[in-house]
Amino acid sequence: MASDHDWSADLIAVQEGHSPVPLLGDDEIRDLLASRPRIALVGASDKPGRPAFGVMSSLLQIGYDVVPVNPRTEAVQGLRCYPTVADAVRETGAIQLVDVFRRADQCEGPARDAIEAGATCLWLQLGIASETAGRIAHDAGLAVVMDRCMQVEHARWSARKGGGR
């Protein structure tokens, strides 16, 4: 992790469609979410004002199986919170998607964790882009999403197919 890295440059590249890492497009994201992947939510929060809390709440209400991951929290929304993705997998079973609510400079670890866990997708939430984390995941064969919110994307494809869950 280089402290002088310009993380905003990674985000701008993603937003302008110039990411050096291949990212899933709209149709692929729709198909991924429609497959109802089991999600490890890294950076889960027990604080209602945090975006991770709201997104996790929404995903659970929609019917996704979400496993919270945060070493500083014991439980989130009534679910046991695991200190690492590996602990979550070991104790609850396989996950397909690692959804990351961490600063861009802290995404390399979750990318490696996703690989070790056998996940098929690394998802960096809205406002988060890391070329390094994306490259780590992509080079290991994982699909990559950056600067997108799962809650928003689910709503987008649900609306297109006529609503519903």
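Which residues lie on one side of strand 2, which on the other, and are they buried or exposed? I started there. This is a predicted model. Strand 2 covers residues 66-69. On one side I find Val 66 and Pro 68, on the other Val 67 and Val 69, and all are buried. Both faces of the strand are thus covered. The general pattern fits what I looked up: in a regular strand, side chains alternate between the two faces of the sheet.

**Entry: the sheet**

Next I looked up the partners of strand 2. Strand 1 (residues 39-42) runs parallel to strand 2, and four bridges join the two. I checked one residue in strand 1's range. Leu 41 has Pro 68 in strand 2 as its bridge partner. Pro 68 is also one of the buried residues noted above.

Then I took the whole sheet. It is open, has five strands, and its order is 2-1-5-6-7. The pairing is parallel. Strand 2 and strand 7 are at the edges. Each has a single partner strand, so one side of each has no neighbour in the sheet. From one strand to the next, the twist averages 20 degrees.

**Entry: Ala 143**

I picked a residue in an edge strand. Ala 143 belongs to strand 7 (residues 143-145). Is Ala 143 buried, partly exposed or exposed? I read a relative accessibility of 23%, so Ala 143 counts as partly exposed. The cut-off for buried is under 20%.

I then listed what Ala 143 touches, leaving aside neighbours within four places in sequence. The contacts are Leu 24, Thr 120, Cys 121 and Leu 122. Thr 120 is 23 residues from Ala 143 in sequence. In space, their C-alpha atoms are 6.2 Å apart.

**Entry: helix 2 over the sheet and against helix 7**

Which strands does helix 2 lie across? I found strand 5 (97-100), strand 6 (121-124) and strand 7. Against strand 6, helix 2 runs at about 110 degrees.

Helix 2 (residues 26-34) also packs on helix 7 (residues 150-160). The angle is about 95 degrees, and the axes are 10 Å apart. The two helices are therefore roughly perpendicular. Helix 2 brings Asp 26, Ile 29, Arg 30, Leu 33 and Ala 34 to the contact. Helix 7 brings Met 150, Glu 153, His 154, Arg 156 and Trp 157. By class I note five nonpolar, one polar and four charged residues.

**Entry: salt bridges**

How many salt bridges does the structure hold? I noted 12. The general point is that side chains of opposite charge can pair when their charged atoms come close.

I looked first at the helix 2 and helix 7 contact. Asp 26 forms a salt bridge with Arg 156, with the closest N and O atoms 3.3 Å apart. This pair links distant parts of the chain, since Asp 26 is in helix 2 and Arg 156 is in helix 7, 130 residues apart. Asp 26 is partly exposed at 32% relative accessible area. Arg 156 is partly exposed too, at 27%.

Lys 47 and Asp 46 came next. Their side chains meet in a salt bridge at 3.7 Å, N to O. Lys 47 is partly exposed at 49%. Asp 46 is partly exposed at 38%.

The third pair was Glu 108 and Arg 112, at 3.9 Å, N to O. Why are they separated by about one helical turn? They are four residues apart in helix 5 (residues 108-117). Glu 108 is buried, at 14%. Arg 112 is partly exposed, at 41%. I also noted a network: shared partners join Asp 26, Arg 148, Glu 153 and Arg 156 through salt bridges.

**Entry: helix 5 and helix 6**

Last, I followed Glu 108 and Arg 112 to a second helix. The axes of helix 5 and helix 6 (residues 131-139) come within 8 Å and cross at roughly 10 degrees. Helix 5 and helix 6 are therefore roughly parallel. From helix 5, the contact takes in Glu 108, Ala 111, Arg 112 and Ile 115. From helix 6, it takes in Thr 132, Ala 133, Ile 136 and Ala 137. I recorded five nonpolar, one polar and two charged residues for this contact.

Note on methods: Residues numbered from 1 in each chain as written. Predicted model: local features only at pLDDT ≥ 70, side-chain atom pairs only at ≥ 80, totals over all residues. Heavy atoms only, no water. Axes fitted to C-alpha atoms, helices over the stretch in contact; angles between N-to-C directions. Parallel < 35°, antiparallel > 145°, perpendicular 65-115°, else oblique. Contact = heavy atoms within 4.5 Å. Nonpolar A, V, L, I, M, F, W, Y, C, P; charged D, E, K, R; others polar. Salt bridge = Lys/Arg side-chain N within 4 Å of Asp/Glu carboxyl O. Buried < 20%, exposed > 50% of the residue type's maximum accessible area, 1.4 Å probe, protein only. Pairing = 2+ DSSP bridges.
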